[in-house]
Amino acid sequence: MSMFSKRAGQRQAEVSEPVVSEPVVSESGGERQAQEPGSQLLLDLQGVSKIYGDLHALDHLNLQVSAGQWLAVVGSSGSGKTTLMNILGCMDTPSQGSVRLQGQALEEMSSSQLTEVRKNVIGLVFQKFYLVPHLTALENVMLAQYYHSVVDQAQAVQALERVGLGDRAHHLPSQLSGGEQQRVCVARALINDPKLILADEPTGNLDEANEQMVLDIFRQLHEQGTTLIVVTHDALVASCAQREIMLSHGQLAGERWNDDQARQDFLAAGGHLSVLAKEGESGSSESDPDLLTRDLPVGFVDPTKAAKR
Ligand SMILES: Nc1ncnc2c1ncn2[C@@H]1O[C@H](COP(=O)(O)OP(=O)(O)OP(=O)(O)O)[C@@H](O)[C@H]1O
């Protein structure tokens with residue numbers, strides 16, 4: 001099945017336009033202007049790199065995400081997806097470049113300001129954040145509330161009910177299936193009603209029924225206006241997003257819009273459609289927009305091929 005096969009009956013897709021070619025730089029060729037007043041961009045990454053010795057886990061990445069957008073991030077193993085999520089989640093900092101969240105540069109924030117952002121703006125659904133084994137599902141959610149300084153049992157129960165686990169509230173993680181544990185993690189991420197949900201492989205290792213439940217929650221959140229960024233290896237999960245981007249060697253290797261209205265909204269919000277970096281030419285993406293049409297990443301159909309380019 002193609003990477004971008006659509007579920008039957010899903011919203012209108014724009015499958016004929018795999019990559020777009022609007023430069024990120026201004027016509028003068030200089031740095032792009034600061035966000036216009038009234039812009040609805042939630043995230044704006046400019047030239048973000050994460051460098052470990054000789055390895056560029058992220059390599060001059062430019063990426064903008066408008067408020068309310070549902071974005072999927074795909075790419076082969078080691079392409080930089082988790083590195084990107086860690087930076088967006090304020091759990092890591094770039095070696096170079098700038099990340100603006102709601103117009104504010106993260107690199108200019110103090111550690112206490114970053115803690116506030118983590119607490120109040122972001123919800124994380126990361127597989128590596130295990131549940132505390134000796135606490136019940138309810139207590140695990142309430143522990144997250146404690147971290148957010150709002151302990152409210154009724155609200156915690158509500159969060160569990162929302163993910164279909166009201167009747168499992170008093171079970172320990174070991175008494176829950178993998179899918180149920182993952183849904184507790186989703187409930188935990190929702191308790192502060194975050195504007196931005198970052199989910200790294202939220203449906204990994206789930207059976208179809210549990211995957212559908214998690215996706216249904218994401219759909220509800222999306223309808224409520226939450227911005228969702230979901231890393232996934234699953235083409236079907238990716239296809240639920242309005243927009244998909246592919247990373248390869250820390251660079252943007254492809255972009256695809258599944259929802260034309262979302263694309264229009266993104267542009268209206270001040271977003272710029274992405275330009276892909278030329279192979280072996282870090283950060284050169286703005287220099288030759290034409291290369292987009294002749295140098296299309298075949299790999300967008302198959303991330304493994306893209307990684308080998
Ligand atoms: N702390 C670190 N020190 C050195 N290299 C690292 C570190 N963290 C990540 N890397 C490297 O950065 C690259 C990107 O890693 P990352 O975890 O972001 O990839 P990924 O796309 O999430 O992969 P996967 O799909 O396998 O989870 C990899 O080559 C990885 O080995």
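**Exercise 1. Determine what share of the longer-range contacts joins residues at least 24 apart, and describe the chain as a whole.**

Solution. Among contacts in the protein chain between residues at least 6 apart in sequence, 69% join residues at least 24 apart. The model is a predicted one, and its protein chain of 309 residues has 43% of them buried. Turning to secondary structure, the chain comes to 10 helices and 10 strands.

**Exercise 2. State the confidence of the model, and find where the pLDDT is below 50.**

Solution. Begin with the chain average: the mean pLDDT is 78, and 74% of the residues reach 70 or more. Next, locate the weak stretches: over residues 278-299 the pLDDT is below 50, although this stretch still has 45 contacts in the model beyond near neighbours in sequence. Residues 301-309 also have a pLDDT below 50, with 26 contacts in the model counted beyond near neighbours in sequence. Finally, the scores of the model are ipTM 0.98 and pTM 0.79.

**Exercise 3. List the residues that surround the ligand, and work out which elements supply them.**

Solution. The first step is the list itself, in which the ligand is surrounded by Tyr52, Leu55, Ala57, Gly75, Ser77, Gly78, Ser79, Gly80, Lys81, Thr82 and Thr83. The second step is to sort these residues by character, which gives three nonpolar, seven polar and one charged. The third step is to assign them to elements: strand 2 (55-66) and helix 1 (81-88) each supply at least two residues of the shell, and helix 1 provides the largest share, namely three residues.

**Exercise 4. Lay out the sheet of four strands, and place helix 1 relative to its strands.**

Solution. The four strands form an open sheet in the order 2-1-4-5, and the pairing is antiparallel. Strand 2 and strand 5 (104-105) are the edge strands, each of them pairing on one side only. Within the sheet, strand 1 (residues 41-52) pairs with strand 4 (residues 96-101) in the antiparallel sense over five bridges, and glutamine 46 has serine 98, in strand 4, as its bridge partner. Helix 1, which supplies the largest share of the shell around the ligand, lies across strand 1, strand 2 and strand 4, and runs at about 125° to strand 1.

**Exercise 5. Lay out the sheet of six strands, and explain why one side of strand 6 and of strand 10 is left without a neighbour in the sheet.**

Solution. The strand order of this open sheet is 6-7-8-3-9-10, with mixed pairing. Strand 6 and strand 10 (251-257) stand at the edges with a single partner strand each, so one side of each is left without a neighbour in the sheet. On average, neighbouring strands of this sheet are turned by 15° against each other, direction ignored. Helix 5 packs on the sheet, where it touches strand 6 and strand 7, and its direction makes about 170° with that of strand 6.

The pairings can then be followed from strand 6 onward. Strand 6 (residues 122-126) is mostly covered, with four of its five residues buried, and five bridges join it in parallel to strand 7 (residues 196-200). Here leucine 124 stands opposite leucine 198 of strand 7. Strand 7 in turn runs parallel to strand 8 (residues 227-231), again joined by five bridges, with alanine 199 opposite valine 230 in strand 8.

**Exercise 6. Identify the buried residues of helix 3 and part of what covers them.**

Solution. In helix 3 (residues 137-147), the buried residues are Ala137, Leu138, Asn140, Val141, Met142 and Ala144. Their cover includes helix 4 (153-162) and helix 5 (178-190), and helix 5 is also the helix that touches strand 6 and strand 7.

**Exercise 7. Decide whether glutamine 102 and glutamate 201 are buried or partly exposed.**

Solution. Glutamine 102 is placed in the loop between strand 4 and strand 5, and its phi is near 50°, a positive value in a residue other than glycine. Because a residue counts as buried from 20 other C-beta atoms within 10 Å and as exposed at 12 or fewer, glutamine 102, with 15 such atoms, is partly exposed. Glutamate 201, in the loop between strand 7 and helix 6 (208-223), likewise has a positive phi, of about 50°, although it is not a glycine. Glutamate 201 has 21 other C-beta atoms within 10 Å, and is therefore buried.

Notes
Residues numbered from 1 in each chain as written. Predicted model: local features only at pLDDT ≥ 70, side-chain atom pairs only at ≥ 80, totals over all residues. Near = placed C-beta within 6 Å. Nonpolar A, V, L, I, M, F, W, Y, C, P; charged D, E, K, R; others polar. pLDDT = per-residue confidence, 0-100. Contact = placed C-beta atoms within 7 Å. Pairing = 2+ DSSP bridges. Axes fitted to C-alpha atoms, helices over the stretch in contact; angles between N-to-C directions.
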